[in-house]
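Here are a few exercises to work through with the model open beside you. Try each task before reading its solution.

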Amino acid sequence: MSETKNDESLITDDIKTTLLEAKKLSHEFDYKLFEDINLKLEKKESIAIIGMSGSGKSTLLNILSSLLEPKSGEIIFDNQDIYKIKKKKLLNIRREDFGIIFQAHYLFRGFSANDNLEIATFLSGNSIDESLLKKLNIDFVINQGVGELSGGQQQRLSIARVLTKKPKIIFADEPTGNLDKDTAQIVLDTLHEYIKENNAGMILVTHENDLAMQCDKVYKLENLQLEELK
Ligand SMILES: Nc1ncnc2c1ncn2[C@@H]1O[C@H](COP(=O)(O)OP(=O)(O)OP(=O)(O)O)[C@@H](O)[C@H]1O
Ligand SMILES: [Mg+2]
């Protein structure tokens, strides 16, 4: 993103609404997980992926989010196949443009909640959004050590940290797994608001059907394919 853009590319960037496109993705480990899957994520759009345990949802999300190269197929971001570009460029995309929320959150233990957020601001040049912390109901624990937070508070802190980076795409693997229904809803509302306000997109893996149905599109990973449910 260091090249200066000419006027023409600025205009096309503005008109272009596709954030991410997966083309003919196939992958397998011990058994085939999916074959020739196509998927498009537009700006301001949220896509949910549901499916049985072991069907390959996390694997698909890892592939889409730059963490795992597929056996075949392409992931197009910013007009390029992310697995065909230089490693350094891919790391930059992962750091600056992609916000990956794992079910097991990777916070720096031994540091305070606030330190964990400051790392994100340091890497991205953004500042901590107090209203985001209030929305997620973690503003009052911000000076506590990560080890002193409950599982659900840690999960919300890791989500706040990802959003502080201001990513273009959020990839979330069961981000509400540890949360009660009300808190899960608050987290999902926060993610939806974020993508609408920031022209971003989200791909969400969840086993909670009611949360999935709040997304713009819902797919079920079954029989090696993504079946469109909504
Ligand atoms: N790195 C890996 N090496 C070998 N096999 C793997 C690897 N990652 C996943 N698998 C296998 O691929 C299959 C799909 O796993 P995946 O984690 O994608 O499923 P999932 O749909 O996310 O399931 P869950 O709902 O339980 O999270 C499983 O059989 C799993 O054992
Ligand atoms: Mg999974």
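**Exercise 1: the first hairpin**

Seven bridges link strand β1 (residues 18-28) and strand β2 (residues 32-42), and the two run antiparallel. This is a predicted model, so a local feature needs pLDDT of at least 70 and side-chain atom pairs count only at pLDDT 80 or more, while totals for chains, interfaces and linings use all residues. Residues are numbered from 1 along each chain as its sequence is written, with chains lettered from A and ligands numbered from 1 in the order in which they are written.

Task: find which residue in β2 stands opposite E21, and how many residues the hairpin goes through.

Solution. First, the terms: strands (E, at least two residues) and helices (H or I, at least four) are DSSP runs numbered from the N terminus, and two strands pair if DSSP finds at least two bridges between them. Next, go across from E21 and you land on K40. Then follow the chain round: three residues join β1 to β2.

**Exercise 2: the other side of β1**

Task: work out how β1 runs relative to β4, and which side chains of β4 (residues 72-77) are buried.

Solution. Start with the pairing: five bridges join β1 to β4, antiparallel, and K23 has E74 as its bridge partner. Now the faces. In a regular strand, side chains alternate between the two faces of the sheet. In β4, G73, I75 and F77 point to one face and are buried, whereas S72, E74 and I76 point to the other and are not. Buried here takes 20 or more other C-beta atoms within 10 Å of a residue's own; 12 or fewer is exposed, and anything in between is partly exposed, with C-beta atoms placed from the backbone.

**Exercise 3: two positive phi values**

Task: compare D78 and E174. Where does each sit, and is each buried or partly exposed?

Solution. D78 lies in the loop between β4 and β5, with phi near 55°. It has 15 other C-beta atoms within 10 Å, so D78 is partly exposed. E174 is in the loop between β7 and α7, and its phi is about 45°, positive though it isn't a glycine. With 20 C-beta neighbours inside 10 Å, E174 counts as buried.

**Exercise 4: the open sheet**

Task: lay out the strand order of the open sheet and say which strands stand at its edges.

Solution. Six strands line up as β6-β7-β8-β3-β9-β10, with mixed pairing. β6 (98-101) and β10 (225-228) are at the edges; each has a single partner strand, so one side of each lacks a neighbour in the sheet. Inside the sheet, β3 (residues 46-50) and β9 (residues 217-222) pair in the parallel sense over four bridges, and I47 stands opposite K217.

**Exercise 5: the core**

Task: which residues have the most contacts inside the largest nonpolar core, and what does I203 touch?

Solution. A nonpolar core is a set of buried Ala, Val, Leu, Ile, Met, Phe, Trp, Tyr and Cys residues joined through C-beta atoms within 7 Å. The largest has 54 residues, and I49, L64, I170, F171 and I203 have the most contacts inside it. Helix α7 (residues 181-197) gives the largest share, six residues. Leaving aside neighbours within four places in sequence, I203 is in contact (C-beta atoms, placed from the backbone, within 7 Å) with L41, I47, I49, L61, L64 and F171.

Technical notes:
Contact = placed C-beta atoms within 7 Å.
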